[in-house]
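Q: Could you take me through this structure one feature at a time, giving the general idea before the particular case?

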Amino acid sequence: MTSFNRRTMIKIGGAAAALPLLGSRAFAQEKLKVGFVLVGSPDDNGWNFGHDRGRKEMLEAIGEDKVETTVVTNVAEGPDSERVFRELAQQGHKLIYGTSFGFGDSMLKVAKQFPDVKFEWATGNVSAPNLSLYNAKFHEGRAVCGTVAGLMTKSNKLAYVGSIPIPEVRMGINAFAIAARKVNPNATVKVVYIDSWFDPAKEAEAARALIDQGIDVIAQHTDGPVIPQIAEERKIVGVFGQGSDMSAFAPTTHLTSIIDRWGPHYTKSVQSVLDGTWTESSVWDGIASGEVEIGPYNANVPADVVAAAEKVKADIASGALHPFAGPIKDNTGTERVAAGDVIDDGEYWAVDWYAEGVEA
Amino acid sequence: MNAELVIAIIVSIAAAATPILLAALGELVVEKSGVLNLGVEGMMLIGAVITVAVTLTTGNHLLAIVCAALAASLSSLIFGFLTLTLSANQVATGLALTILGTGFSALFGQPYTVKSVPIIRSPFPPELAADPIWRVIFGHPPLVYFALLMVVAVWWFLNRTRAGLIVRAVGENDLSAHSIGYPVIGVRYLAVMFGGAMAGIAGACFPLMLTPQWVERLTTGRGWIALALVVFAAWRPFRLLAGAYFFGFMMIFEIYAKSNSAFRVLPSEFWAALPYLATVLVLVLISLRREGRTSAPACLGKPFVATG
């Protein structure tokens, strides 16, 4: 593996500009070059860690004699990421993964300029002939966490620290709140957005502020383990790992975690490029296919709570339970989903309201 | 809203304000000597990563803070050598120091990313802080008190001692100071090293008080807030104290505005923007003043080359 940050990328870029003269056939006989663009560091023990683990599993499965990977870390979302994608494409990477929602515009632009390079955009919502989408139904995991939170809370005050109010985060909050209130109708969910995927100091300040207001279970949708650490420091009832198992940071309060398993998808998609069978697609799997995994439960979680959570998990996997099954009211009391109806995968992206019990 | 919550908010504000106050105090002395070091963020990151490494290896918080100060001070010497001895451009060199600190800390910190750092508690016996009212006085980690003491110390040094007068002289008129025999470059070296040490201690606040871990870019831009704060405070230590707590208040209030309708007098975005708006406003006010003297040290950012 070669690991670069963006600055070395720019330097190397100059040298690499001469490379395309060699022609892409020179690369075709070599190993397949696959690029990964990460919004943070693989050391974050969360989101980026999950993607990097998926990359390693892919390398393991396919073999380093056939694939070589380049990981560019700490790439800011937005227009600035465009040159990173272009750089990778120019350097002969035939498959490039952008692992954050905010890379989308740049990827769409660069994909147009390099029609023979395949792009895949994690959590994205617009595809192109050479740009596929892949995502995981994290909200299914949120429903399991919500069940645990609703049953474990003593103050009935739950909180959710969000990153940026995009559909995926909002629907995670809704799934969590709906599941928690199904088992505990008195539970409320306070929401705080920190307006960033990564700002440990602000995450910590938000967690402490929430705990000071009487919250005893916190769920989070940010990229690192700071919130579990603060939960442990203050010994509240519980907290959940996001992206990967974070129990090392909160041995007594980490109730369970949502673990992202990107390995199987990366293996399948790299193999399809090697076989020449890659086509534009949109993958969105969840608990049933193993993309979303629920981590081990803490010893402090009572057996009946574990059983209830496992039942939710099994029912979601079998299709017996939909995380967004009606009736659902929003937090102003208006009925949004009628009994017997669900928010399906298409409607999901357009939801702009919070479920009943959410204070946002 | 109850007293308990008000006190919790005050404790949070002090914790948020302390690192920017420490870093800004160091930078204030550096700028008073006529040097502009934009490397605060990088030096803070070096301080933070060294703190994590030493705390996890030895378990000794005090030793960790001392090492953080030394390491960051050492890194500021690179800046000092380039700008003072070689007269390189201070802005460019300072930015380079930030990039260096970011990269060094990311590399050096890799073995420590999966561990929790034991946080530092109040130095007073817990019984004193049991009552919420007393917690306002006794419930803070030691670095909070250290920062307050340093405000007084820096003010006293700059305004009441001969050495402080020399630092100011060097910053206001390097040629005159040189002509009456003061070692301009030497004084500036010492100031830069002091600034580095303070930034290092500011960096130590992050793993020890705020986020009990190491992760790349841990300080997420708070070194830049410290730089803005020096200008905001018009290079005065006590105004700096007020400014740091004001910035801390804004940071914490933004979160309360988001999470509690009782605090939502104004949208949270407004609170988030306020520290920056306030800085702009203060800059405008400073430049509108026509008292014949501006607050910035006259030689700020200008390289000094001794002639004859």
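The turns below go from the overall form of one chain to its domains, then to the chain contact and to helix packing.

Q: Before any detail, what kind of model is this, and how many helices and strands are there in chain A?
A: One begins with the origin of the coordinates, and this is a predicted model. Chain A contains eleven helices and 16 strands.

Q: How does the radius of gyration of chain A relate to the globule rule?
A: The idea is to set the computed radius beside the value that the rule gives for a chain of that length. For chain A the radius of gyration is 21 Å, close to the 21 Å given by the globule rule for 360 residues, so chain A is as compact as a globular protein of that length. The C-alpha trace of chain A spans about 65 × 45 × 35 Å along its principal axes, and buried residues account for 52% of its 360 residues. Sequence separation adds another view: of the contacts in chain A between residues at least 6 apart in sequence, 67% join residues at least 24 apart.

Q: Which domains does the assignment give for chain A, and how many residues of each are in contact?
A: Here one reads the bounds and then the contact. The domain assignment divides chain A into domain 1 (2–136) and domain 2 (138–260 + 292–359), whose C-alpha centres lie 31 Å apart. In the contact, 13 residues of domain 1 of chain A meet 15 residues of domain 2 of chain A. Helix α3 (residues 47–62) of chain A supplies the largest share of the domain 1 side, namely four residues, and by class that side has five nonpolar, seven polar and one charged residue.

Q: How many residues does each chain bring to the contact between chain B and chain A, and which helix of chain B gives the most?
A: One can count both sides, and then ask which elements supply them. The contact takes 26 residues from chain B and 26 residues from chain A. On the chain B side, α1 (3–32), α9 (184–210) and α11 (237–259) each supply at least two residues, and α11(B) gives the most, with six. The residues of chain B that form this side divide into 14 nonpolar, nine polar and three charged.

Q: At what angle do α6 and α7 of chain A pack, and is their crossing left-handed or right-handed?
A: A helix pair is described by angle, axis distance and handedness, and then by its residues. Helix α6 (residues 138–152) of chain A packs with helix α7 (residues 167–183) of chain A at an angle of about 35°, their axes being 7 Å apart, and the crossing is right-handed. Among the residues that meet are Ala143(A), Gly146(A) and Gly150(A) of α6(A), with Gly172(A), Ala175(A) and Ala179(A) among those of α7(A). By class, the contact has 13 nonpolar, five polar and two charged residues.

Q: What is the handedness of the α10 and α12 pair in chain B, and how many residues of α10(B) are buried?
A: Helix α10 (residues 222–232) and helix α12 (residues 268–288) of chain B pack at about 35° with their axes 9 Å apart, and their crossing is left-handed. Ile225(B), Ala228(B), Val231(B) and Phe232(B) of α10(B) make the contact with Pro275(B), Ala278(B), Thr279(B), Val282(B) and Leu283(B) of α12(B); by class these are eight nonpolar, one polar and no charged residues. Nine of the eleven residues of α10(B) are buried, including Arg222(B) and Leu227(B). Their cover includes α8 (200–212) of chain A, together with α1, α2 (40–58), α11 and α12 of chain B. Just after α10(B), Ala234(B) takes a positive phi of about 50°.

Notes: Residues are numbered from 1 along each chain as its sequence is written. Chains are lettered from A and ligands numbered from 1 in the order in which they are written. This is a predicted model: local features need pLDDT of at least 70, side-chain atom pairs count only at pLDDT 80 or more; totals for chains, interfaces and linings use all residues. Axes are lines fitted to C-alpha atoms, for helices over the stretch in contact, and angles run from 0 to 180 degrees between N-to-C directions. A crossing is left-handed if the near helix is turned anticlockwise from the far one by less than a right angle, and right-handed if clockwise. Two residues are in contact if their C-beta atoms, placed from the backbone, lie within 7 Å. Ala, Val, Leu, Ile, Met, Phe, Trp, Tyr, Cys and Pro count as nonpolar, Asp, Glu, Lys and Arg as charged, and the others, Gly among them, as polar. Domain bounds come from an automatic or database domain assignment. The radius of gyration is taken over C-alpha atoms; the globule rule is 2.2 Å times the number of residues to the power 0.38. A residue is buried if 20 or more other C-beta atoms lie within 10 Å of its own, exposed if 12 or fewer, and partly exposed in between; C-beta atoms are placed from the backbone.
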